[in-house]
There are 2 protein chains.
Amino acid sequence: MINYGEYLKALRQSKGLTLREVEKETNVSNAYLSQLESNKIKQPSPTTLYKLAGLYGIKYEKLMEKVGYPVPKYNNNLKIKEEVYGLSKSLGDISYDEEIELLDYLKFIRNRKK
Amino acid sequence: MINYGEYLKALRQSKGLTLREVEKETNVSNAYLSQLESNKIKQPSPTTLYKLAGLYGIKYEKLMEKVGYPVPKYNNNLKIKEEVYGLSKSLGDISYDEEIELLDYLKFIRNRKK
DNA sequence: TATATTTGCATAGTATATTTAGCAATTTTG
DNA sequence: CAAAATTGCTAAATATACTATGCAAATATA
């Protein structure tokens, strides 16, 4: 059983968005979003995934993969990858589970002093 | 209204295959294949398209596009850049202090279960 | 030619994606 | 504190993907 819902929920909360705010931006009903985040939907349509990926700032293909759809393979050139610098380099390679935890922790950080 | 059915039919016939032969290879029912070829299905699932693309020897992405699904674009450096920065993009803009905290927390995560 | 097999397709049924409506708990506001 | 708004969620309704069954026309075989 694939668990993409937890990931979607962590993404949304890390951005401080409510289900209804996401609904406004994506035209996906808040009720359906809730079902997605609790893994009640096996395979949401690519179009739905595309909208969410856009709003949350992640790659469409990543959601496709999480949901279990075939994803076209491309040439990931490791050399070029290594030449690029930035935050992700400072963090290094992180796993999917770690990313969820970091998103969660970021939410905690930002709501700490209120 | 998108016309991908005609394309699928032309592909199948060019290979001299019957609906039932395609069914055997892809596990998609011949009845459904018939509906696909006459555009009675708006958006067949990516998995179905993937099977057909494989058998017919065309690109999966091409069928995705024909059907009207969003298709990830692969062929530029921006793409690779996005992959590398995927994490920071999903996290959004984070401050220097936040980055330090995240790095610290990541270290904590990785030393936790030992 | 007669009959058996194959072929594409139509129809009905099942599974599942997505929306609408509404409710209980929480949060906001005065 | 009390009323009002907001939030996440559930259940029922609807839309649509996909399959099982079967049939009429075409084709193969004798």
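## A tour from chain A to DNA strand C

Begin by selecting Asn30(A) and Glu23(A), whose side chains are joined by a polar contact of 2.8 Å. As you look, keep in mind that this is a predicted model. Asn30(A) is found in helix H3 of chain A, and, leaving aside its neighbours within four places in sequence, Asn30(A) is in contact with Leu19(A), Arg20(A) and Glu23(A). Showing the side chains of these residues will therefore display the surroundings of Asn30(A), with Glu23(A) appearing both in the polar contact and in this list of contacts.

Move next to chain B, and select helix H2 (residues 19-26) together with helix H3 (residues 30-37). The two helices of chain B pack at an angle of about 115°, and their axes are 8 Å apart; H2(B) and H3(B) are therefore roughly perpendicular to each other. Their crossing is right-handed. To see what makes the contact, select Leu19(B), Arg20(B), Val22(B) and Glu23(B) on the side of H2(B), and then Asn30(B), Leu33(B), Ser34(B) and Glu37(B) on the side of H3(B). If you colour the residues of this contact by class, they divide into three nonpolar, two polar and three charged.

Now bring DNA strand C into view. Which residues come nearest to it, of the 22 around DNA strand C? They are Tyr32(A), Lys42(A), Leu19(B), Asn30(B) and Lys40(B), and two of these names, Leu19(B) and Asn30(B), will be familiar from the contact of H2(B) with H3(B).

Three side chains deserve a separate selection here. A phosphate oxygen of DNA strand C is 2.9 Å from an N or O atom in the side chain of Ser45(A), and another stop is Arg12(B), where a polar side-chain atom lies 3.0 Å from a phosphate oxygen of DNA strand C. At Arg20(B), by contrast, the partner is a base nitrogen of DNA strand C, which is 2.9 Å from an N or O atom in the side chain. The elements that give two or more residues to the surface near DNA strand C are helix H3 (30-37) of chain A, together with helix H1 (5-14), H2 and H3 of chain B. H3(B) gives the most, with four residues.

End by looking at this surface as a whole: it has six nonpolar, ten polar and six charged residues. On the DNA side, of the atoms of strand C within 4 Å of the protein, 59% belong to sugar or phosphate, while the rest belong to bases.

Note on methods: Residues numbered from 1 in each chain as written. Chains lettered and ligands numbered in written order. Predicted model: local features only at pLDDT ≥ 70, side-chain atom pairs only at ≥ 80, totals over all residues. Heavy atoms only, no water. Axes fitted to C-alpha atoms, helices over the stretch in contact; angles between N-to-C directions. Parallel < 35°, antiparallel > 145°, perpendicular 65-115°, else oblique. Left-handed = near helix turned anticlockwise from the far one by under 90°. Contact = heavy atoms within 4.5 Å. Nonpolar A, V, L, I, M, F, W, Y, C, P; charged D, E, K, R; others polar. Near = heavy atom within 4 Å. Polar contact = N/O pair within 3.5 Å; in protein donor to acceptor, adjacent residues only side chain to side chain.
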